[in-house]
Amino acid sequence: MLVWSAAVAALAAAPRQAFRQGARGTVAGGRACLAAMSAAGFVDQTIEVGGQQAKVRRFVEADVGMTFKKDSLNDKLFAQPWPPEWPFPPRAFARQDESDDDDFYATPRFVYHIDEGGSALAAPPARLEKPTELFCVQCAQELASRRLRSACQFSRAQRVRAAFPLVSGAVRALTNYYKDNIPPGSAILDICSSWVSHYPENFPSTMPRIAGSGMNLFELQANSQLSELTVGDLNKRPALEFADASFDVVTCVVSVDYLNDPLSVFREVRRVLKPGGKFILSQSNRCFPTKAISMWLGMDDLQHCLVIAAYFHYVTGFAPAQAYDVSPTGPHTNDPLFIVEATKL
């Protein structure tokens with residue numbers, strides 16, 4: 001049984017690890033290649049980004065033989081009371097790379113960060129003629145050592161296809177969770193958003209408002225589910241440009257581990273939520289290690305969930321957090337997926 005313990009506190013206090021591994025928006029010209037849609041559950045598109053064209057592959061809802069669970073983790077995580085005081089020292093939120101986040105996120109990443117197939121880039125950086133041609137240089141630098149090391153021998157079309165093998169379990173699990181747990185008519189805000197928000201395909205027609213807040217304008221403009229967007233760095237200015245009590249649901253996908261002042265961000269989320277509104281955070285086992293907070297890197301999946309629940313507890317104004325393992329089963333289900341959520345009181 002995992003409980004809040006001296007071991008978890010020690011991980012929070014540990015110095016960061018050293019790693020060797022290396023405005024409103026619309027899609028400006030993308031057209032879905034409908035012939036590419038198949039039982040595999042994806043569609044190839046070409047979108048215009050900053051005057052350049054980028055080839056992307058989007059997962060779409062389809063029956064691909066996966067099943068989705070919702071197993072409560074509350075007994076494992078919350079058996080003991082919380083420490084009376086905030087247990088995380090400032091160094092727990094230090095990062096290996098403290099350079100300006102604007103520089104790190106300047107190049108758009110048209111990838112799925114929670115499935116290996118969607119995160120891997122087939123071509124090494126030297127083969128990319130344009131930053132947007134095959135997604136992004138930074139992802140290639142961090143991931144080229146993991147797979148397809150000799151991909152430069154492939155044609156450009158082969159590299160694009162190889163960059164997205166059919167691995168989509170965690171992505172589909174998250175979409176399924178949203179479908180089952182966000183009621184129609186909800187006003188939604190996606191923070192730390194990107195070119196996909198993982199919402200079901202019908203959400204733009206069943207939800208009155210889907211706002212997005214993120215770091216990269218090009219990524220947000222490519223997100224066809226957003227009705228509005230704002231660009232900002234929550235680590236520089238932990239503020240959301242929305243009125244009080246504006247949203248029924250706020251979502252955050254595999255990004256809480258990058259926040260160096262999470263309590264301020266959670267307070268802002270609480271402010272923009274309506275009473276009874278819900279903050280849903282999803283987390284897997286992947287990150288950009290140089291930008292993740294130091295304590296995150298030494299923890300396992302359940303400890304990550306415990307940390308997120310701690311943020312809810314110490315910010316106050318939320319009901320006790322609920323944690324779930326929603327990892328999929330079936331073909332192409334490599335990555336786990338966990339949900340931690342709480343309701344505004």
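**Exercises: cysteines and cores**

A search of the whole structure, a predicted model, finds zero disulfides (pairs of cysteine sulfur atoms within 2.5 Å). Local features need pLDDT of at least 70, side-chain atom pairs count only at pLDDT 80 or more, and totals for chains, interfaces and linings use all residues. Residues are numbered from 1 along each chain as its sequence is written, and side-chain values use heavy atoms, without hydrogens or water.

**Exercise 1.** Find the cysteine sulfur nearest to that of cysteine 252, and state whether cysteine 252 is buried or exposed.

*Solution.*
- Step 1: The nearest cysteine sulfur belongs to cysteine 192 and is 4.1 Å away; cysteine 252 is in no disulfide.
- Step 2: Buried means under 20% relative accessible area, exposed over 50%, partly exposed in between (1.4 Å probe, protein chains only).
- Step 3: Cysteine 252 has 1% relative accessibility, so it counts as buried.
- Step 4: By contrast, cysteine 287 has 28% and is partly exposed.

**Exercise 2.** Describe the largest nonpolar core (buried Ala, Val, Leu, Ile, Met, Phe, Trp, Tyr and Cys residues joined through side-chain atoms within 4.5 Å).

*Solution.*
- Step 1: This core has 45 residues, and Phe279 and Phe312 touch the most other members.
- Step 2: Elements supplying at least two residues each include strand E9 (247–253), strand E10 (273–283) and helix H12 (301–315); helices (H or I, at least four residues) and strands (E, at least two) are DSSP runs, numbered from the N terminus.
- Step 3: H12 gives the largest share, ten residues.
- Step 4: Leaving aside neighbours within four places in sequence, phenylalanine 279 is in contact (heavy atoms within 4.5 Å) with residues including Cys252, Phe266 and Phe312.
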